[in-house]
Every structure is written in structure tokens, then in C-alpha cells.
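Visitor: Could you take me slowly through one part of this model, the seven-stranded sheet and the helices around it, giving the criterion behind each term as you use it?

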Amino acid sequence: PVRETGMTAYEIMLSESQERMLMVLRPGGEAEARRVFDKWELDVAVIGRVTDSGRLVLRMRGEIAAEIPLAPLVGEAPAYERPWQQTATEPEIDLASLPERHPFECLAQLVATPALASKRWIWEQYDHLVMDNTVKRPGGDAAVIRVGENKALALATDCTPRYCHADPVRGGAQAVAESWRNLTAIGALPLALTDNLNFGNPERPEVMGQLVGAIEGIGAACRALDYPVVSGNVSLYNETSGRAVLPTPVIGGVGLVEPSAAVDLALKRDGNALILVGETKGHLGASLYLREIEGREAGPPPPVDLAAERRNGDFVRGEITAGRVVSCHDLSDGGFLVAVAEMAMAGGRGVVLDPPPANLPRSAWLFGEDQGRYLVETAEPDRVLALARDAGVPARVVGRVGGAELTLPGAGAISVSALKAANEAWLPAYMAQA
């Protein structure tokens, strides 16, 4: 039975009203559940009971409004075997063919692009400190919300559609891996994820191929990272004038962390070392640098080494838990130099960077989007490096915190406050024109 609402049974059952959840409780658990809902001032109603009849029976005003056998819905629904076409593999980018550009001019341009610009203009317009349970404010790798005296949930959503368009399998795996990294980067243990699969018309073989590939990549990453899918939804036929949206399998992850143990990406103290964890090969295929600076969308996305992802992430989380890491940021869009800039802007501190290695073009080292990498700030670099060697994790000191600028040998310096001004300005200026 349903409370009187003035709605018809059809409207109650088939309307797509939002912000509703349905759960099945253990028998006798209604009163306990109601106490929880009342605490959070949420509406709740018992709407039915589970039976063994194999039928869904809807009653309204004492009469049966519908009675539906469940077998056709649960076990006899038609299974489509749609034709699908594998996405063609892009050739690798010839790094030597890219022109040498001034890194800080590129950095200033990148931090003011829609992909990297600050979204503060949006999140500051609502109360993001509801009931004072927000442990880490927006703008970091993951949100952290206190749910108990010594317990907090970390939450992150991720997807890189340009990766999924270039290679759906890699792109799907990368979305899962980046979500896992973002939770790890604040010290949380990733627990589970929900996926939101957004694609074009699956009746087109190339779009169906994107869906098949993304699911394959997601599955492989979830198994390797022990990061199960516990819910999800699918949105298909997203096209305008026959042109599909980029394949966008959004991953929303949740993890567990002690509120006092969570770190953020803001640099903390002059003199601390910055350590780069993970291997850098300078991958620029499908990168933000290639698109925004070189004006090209080409090449495959970066490979995702899931074993390295887990090994590097477990090491970083352990160092955060041990208290040796005071700030941390995963590397993603824009690569190493963008990650340094984001940490510097968040903390209002500069960094003196070490020279780039001689075995890579400078742009590849600074802006390559190799996966499985973190920047960690520590006052104990020797200890962290020794533990990384013992764990088989690539790690190297790449700079020192200090001053008010980012300084790079051979490239001069750029003001952190100037970078932040450019990073903050794009979205308000864009909205003012809308």
C-alpha cells in the first residue's frame, strides 16, 4: 500500500522523480532505520514486503492496481547481441617531432583551460560545510565527509573521455585507476565504486564497440585493484544531429579514512622535499598538452599498468598512514608540472624543481600523462626513498618546497600567485559571458 498522494498508481510507479532510494531491510529493522532517517530529517515510508510468490503485486486504496510476473523481467529479458566494431589503434606520438616550447608559458595556458580551471565559482555557491562534517573542502583529489567520531568517507568521481575515445579499453581502465588513486592520495582505502556509462547510439557498431571496450577495461581494473562495482546506471543514445558524445564511463568511488589521518594536496612547509612516485616515460598521446598546446588530438592514451597502480598506491597510502607524507597529489591531466602547480596554488608556496632527466624531451617529462604516479611532500625523503626501494616502487626527489615561485633550471621562474589568478579567472569570466 502507498500513502495517499493524489497521484495515480501509474504515476507513482513510473514517474522519474529524483532523489529517491529504495532499500530492502531485514525483518524487524524498520524502527532502527526510521531513527536514522529521522536523525537526518529524511522522509521514509514502508511500501511493501518481499514474498516468494514470484509476482509483483501493487495495491492502492484496497484494490489491486497491477499484478506482474517477475520471471520475464528477471530471467527471461531479451539479450541483445549487437554487432560491434573495435576502435582503431592510434599510432604513438613521435616525441622528437614536437617543438620545444617554454614550459611556464605552456603551464600558464594549461591552468586556464576549462579542463584544469578552478571550479570554486561553482562549489562556493552552496553550503559545502553542511553540519560541519566536511573534513576536506572541495578542490582536492577527493572529498572527505565525517560519518563518525573516528570514521570518514572519501569520495571521488573520474573519467577522461578523450582517453576513452582514443582507446575505450585503456580509457575504461584509466577511469577506475584514477578514481582509486584519488582516494588513495588522501590516505583512504578504496572500498567500492558506482559506474555511470554515457554513450551514443549502441545500434551503431562503432559506439557499441566503445561500450564493449570500456566495460572490458573497467572490469579488468576493478579485479586488479580489488575495487568492486556495487551499483551503476547507463545512459545511451546521447547524440545530436547524428554525432555521439564522447564515450564517458564516469566512475564514482568511495573509500574509508580516519578524519585525522586524511591529507590534502596543499604544500605545507618550506624545506620539505617533493618526491615523484611511479615511472615516467613521457607519454603525450591523447594528452591535454597535445590538445591545448599543439592543437592536436592524436595518439593512444597512456597504458595502465594495473599491477604498478596497486603497488604504487598501496605504498603511498602506507606512507600517509605512517605520517611521513604531509601532502599528496596524483598525476593526471597535464602531467607532472601541472600537478606541482596545483599543489603550489593550494598551499600558497613555491617549489624549486630539479633539472629534468636527460633521457626525455623536456615537454614529455613535464607534461606527459603516464599513469600510476603521485607527488608526495615529506620531511623524511631518505626514509621514504629507502622504503620505496624495498617495496619495488620507483621514486625520486624532484624538488624542494620554498619561496613564492615555481623555479626550473633553464626555464626561469613563474609566480604561484599569478598562476592561481589565471586558474581562478576562467570560469567566472566564462559565466559572465553566458
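Guide: What follows describes the sheet, then the helices, and lastly one residue.

The model is predicted, so local features require a pLDDT of at least 70 and side-chain atom pairs count only at pLDDT 80 or more, whereas totals for chains, interfaces and linings use all residues. Residues are numbered from 1 along each chain as its sequence is written, and side-chain values use heavy atoms, with hydrogens and water left out.

The sheet is open and has seven strands, which follow one another in the order β12-β14-β11-β15-β13-β16-β17 with mixed pairing. Strands here are DSSP runs of E with at least two residues, and helices are runs of H or I with at least four, numbered from the N terminus; two strands count as paired if DSSP finds at least two bridges between them. In general, the strands of a sheet pair through backbone hydrogen bonds, either parallel or antiparallel. The edges of this sheet are β12 (327-330) and β17 (412-415), each of which pairs on one side only. On average, neighbouring strands are turned by 25° against each other, with direction ignored; for such angles, axes are lines fitted to C-alpha atoms, for helices over the stretch in contact, and values run from 0 to 180 degrees between N-to-C directions.

Within the sheet, strand β11 (residues 273-277) runs antiparallel to strand β14 (residues 374-378), and five bridges join the two. One of the pairings can be followed residue by residue, since Leu274 has Glu377 of β14 as its bridge partner.

Two helices can be placed against these strands. Helix α11 (residues 335-347) lies across β11, β12, β13 (351-353), β14, β15 (395-401) and β16 (405-408), and runs at about 145° to β12. Helix α14 (residues 416-433) also packs on the sheet, where it touches β16 and β17, and its direction makes about 50° with that of β17; contact throughout means heavy atoms within 4.5 Å.

A further pair of helices packs together: α10 (residues 306-321) and α13 (residues 381-391) have axes 11 Å apart and meet at an angle of about 145°. Their crossing is right-handed, a term used when the near helix is turned clockwise from the far one by less than a right angle, left-handed being the anticlockwise case. From α10 the contact draws on Arg311, Phe315 and Glu319, and from α13 on Val384, Leu387, Ala388 and Ala391. An α-helix has 3.6 residues a turn, so residues three or four places apart point the same way. By class, the contact of α10 with α13 holds five nonpolar, no polar and two charged residues, where Ala, Val, Leu, Ile, Met, Phe, Trp, Tyr, Cys and Pro are nonpolar, Asp, Glu, Lys and Arg are charged, and the others, Gly among them, are polar.

Ala388, which belongs to helix α13, links this helix pair back to the strands described above. At 0% relative accessibility Ala388 counts as buried, because buried means under 20% relative accessible area, against over 50% for exposed and the values in between for partly exposed, with a 1.4 Å probe and protein chains only. Leaving aside residues up to four places away in sequence, Ala388 touches Phe315, Val393 and Ala395. Of these, Phe315 is one of the α10 residues in the helix contact, while Ala395 falls within β15 (395-401). The C-alpha atom of Ala388 is also 8.4 Å from that of Val277, although 111 residues separate the two along the chain, and Val277 falls within β11 (residues 273-277).
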